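The exercises below are meant to be worked through with the sequence and the coordinates side by side. Please try each task before reading its solution.

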Amino acid sequence: MTSTAVIGSTGLVGSHILSTLLGLPSVSTVHALARRQPIATDTKLHPLVSADTSNWASNLSSVTPPPSILLSALGTTRAQAGGLAQQRLIDYDLNLDVAKAAKAAGVKVYVLISSGSANSKSMMPYLKMKGELEDSVNALGFDHTIILRPGLIVGGREDWRPTEFVIRKVAGVMGMMGSVLKDFWAQDAEVIANAAVSAGLKALEGGDVPKVWEVGQSEIIKLGRTEWKA
């Protein structure tokens, strides 16, 4: 039985990660670090709720025994955060603080939902920030670090993003015509979540996976839909 922790569990991909973990008999415990109480209810769910995100790292450190896997789907937008500097406080600083606490506590597998084309040398601020986070968590030296790099994430969001909404509608139409038309540039949030959980469990169980496993879009589809077994 596996104990897990999730940050970003109230977001689009994170909520699917949470429900996937809760539905797996092999997962005994799910610790969800969040600003607000998760909608999901389950005896294996242990919310660690704090509106002050500076408490999240210490909240995770207090879990005994520590979870074996930490999955992060934490992220926001520049508009929601109020600027790039404020976005970085969440997407980079908070993610890294929790990852450091996880490593110190003894978490073995770290799974990060990053972004396609993330690169610390990118000229695009968002992709550069995502790449810098990847580099930083890789340097922590978990037994396994798994980085998922999806393309456009398709699914219903609570927040309104007009440009993304139009693109998601196009992806939806392509999906109705045939998933192959969509898969190379857009992935469903549920499929991404399934892939993240599948990769994390495979690494923990001693599967033949690299210490740093970068999971691209085609492999996300493979892990999260083609080969997925709940």
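## Overview

The chain has nine helices and nine strands, and the model examined here is a predicted one. Of its 230 residues, 49% count as buried. Among contacts between residues at least 6 apart in sequence, 67% join residues at least 24 apart.

## Exercise 1: The sheet

Task: Establish the strand order of the open sheet of seven strands, and work out which strands stand at its edges.

Solution. Begin with the pairings on one side, where strand E1 (residues 2-7) runs parallel to strand E2 and is joined to it by six bridges; within this pairing, Ile 7 has Leu 33 of E2 as its bridge partner. The path from E1 to E2 passes through helix H1, and this β-α-β crossover is right-handed.

Next, follow E2 outwards to strand E3 (residues 45-49), to which it is joined in parallel by five bridges, with Leu 33 standing opposite Leu 48 of E3. Then turn to the pair E6 and E9, which is parallel and held by four bridges, and in which Ile 146 has Trp 213 of E9 as its bridge partner.

Putting the whole sheet together gives the order E3-E2-E1-E4-E5-E6-E9, with parallel pairing. E3 and E9 each have a single partner strand, so one side of each is left without a neighbour in the sheet, and these two are the edges. On average, neighbouring strands are turned by 15° against each other when direction is ignored.

As a last step, place a helix against the sheet: helix H4 (residues 84-105) lies across E1, E4 and E5, and runs at about 175° to E4.

## Exercise 2: H1 and the nonpolar core

Task: Decide whether helix H1 (residues 12-22) is largely enclosed or largely open, and find which elements contribute to the largest nonpolar core.

Solution. Start by listing the buried residues of H1, which are Leu 12, Val 13, Gly 14, Ile 17, Leu 18, Thr 20, Leu 21 and Leu 22. Since eight of the eleven residues of the helix are buried, H1 is largely enclosed by the rest of the structure. Strand E2 is mostly covered as well, with seven of its eight residues buried.

Now consider the largest nonpolar core, which has 37 residues and in which Val 13, Ile 17, Leu 71, Ile 146 and Leu 148 have the most contacts. Two or more residues are given to this core by each of H1, E2, E4, E5, E6, H8, E9 and H9, and the largest share, ten residues, comes from H8. Apart from this core lies another, of 23 residues, among them Val 63, Leu 70, Leu 74 and Leu 112.

To see the packing around one residue, take Val 13 and leave aside its neighbours within four places in sequence; its contacts are then Ala 73, Ile 113, Ile 153, Ala 189, Ile 192 and Ala 193.

## Exercise 3: A pair of packed helices

Task: Classify the packing of H8 and H9 as roughly parallel, antiparallel, perpendicular or oblique.

Solution. Two packed helices are described by the angle between their axes and the distance between those axes. For H8 and H9 the angle is about 90°, and the axes are 7 Å apart. Because angles of 65 to 115 degrees count as roughly perpendicular, H8 and H9 are roughly perpendicular to each other. Residues on the H8 side of the contact include Val 191, Ile 192 and Ala 195, while those on the H9 side include Ile 220, Ile 221 and Leu 223.

## Exercise 4: Individual residues

Task: Determine whether Lys 130 and Ser 117 are buried or exposed, and describe the peptide bond that joins Thr 64 and Pro 65.

Solution. Lys 130 lies in helix H5 (residues 125-140), and its relative accessible area is 5%. Because buried means under 20%, Lys 130 is buried. Leaving aside neighbours within four places in sequence, Lys 130 is in contact with Leu 74, Asp 91, Ser 114, Ser 115 and Ala 118.

Ser 117, by contrast, is exposed, with a relative accessible area of 58%. Ser 117 sits in the loop between E5 and H5, and has a positive phi of about 70° although it is not a glycine.

Finally, the bond joining Thr 64 and Pro 65 is a cis peptide bond, with omega about -10°, and Pro 65 lies in the loop between H2 and E4.

Methods. Residues are numbered from 1 along each chain as its sequence is written. This is a predicted model: local features need pLDDT of at least 70, side-chain atom pairs count only at pLDDT 80 or more; totals for chains, interfaces and linings use all residues. Side-chain values use heavy atoms; hydrogens and water are left out. Buried means under 20% relative accessible area, exposed over 50%, partly exposed in between (1.4 Å probe, protein chains only). A nonpolar core is a set of buried Ala, Val, Leu, Ile, Met, Phe, Trp, Tyr and Cys residues joined through side-chain atoms within 4.5 Å. Contact means heavy atoms within 4.5 Å. Two strands pair if DSSP finds at least two bridges between them. A crossover is right-handed if, with the strands pointing away from the viewer, the path from the first strand over the helix to the second runs clockwise. Axes are lines fitted to C-alpha atoms, for helices over the stretch in contact, and angles run from 0 to 180 degrees between N-to-C directions. Angles under 35 degrees count as roughly parallel, over 145 as roughly antiparallel, 65 to 115 as roughly perpendicular and the rest as oblique.
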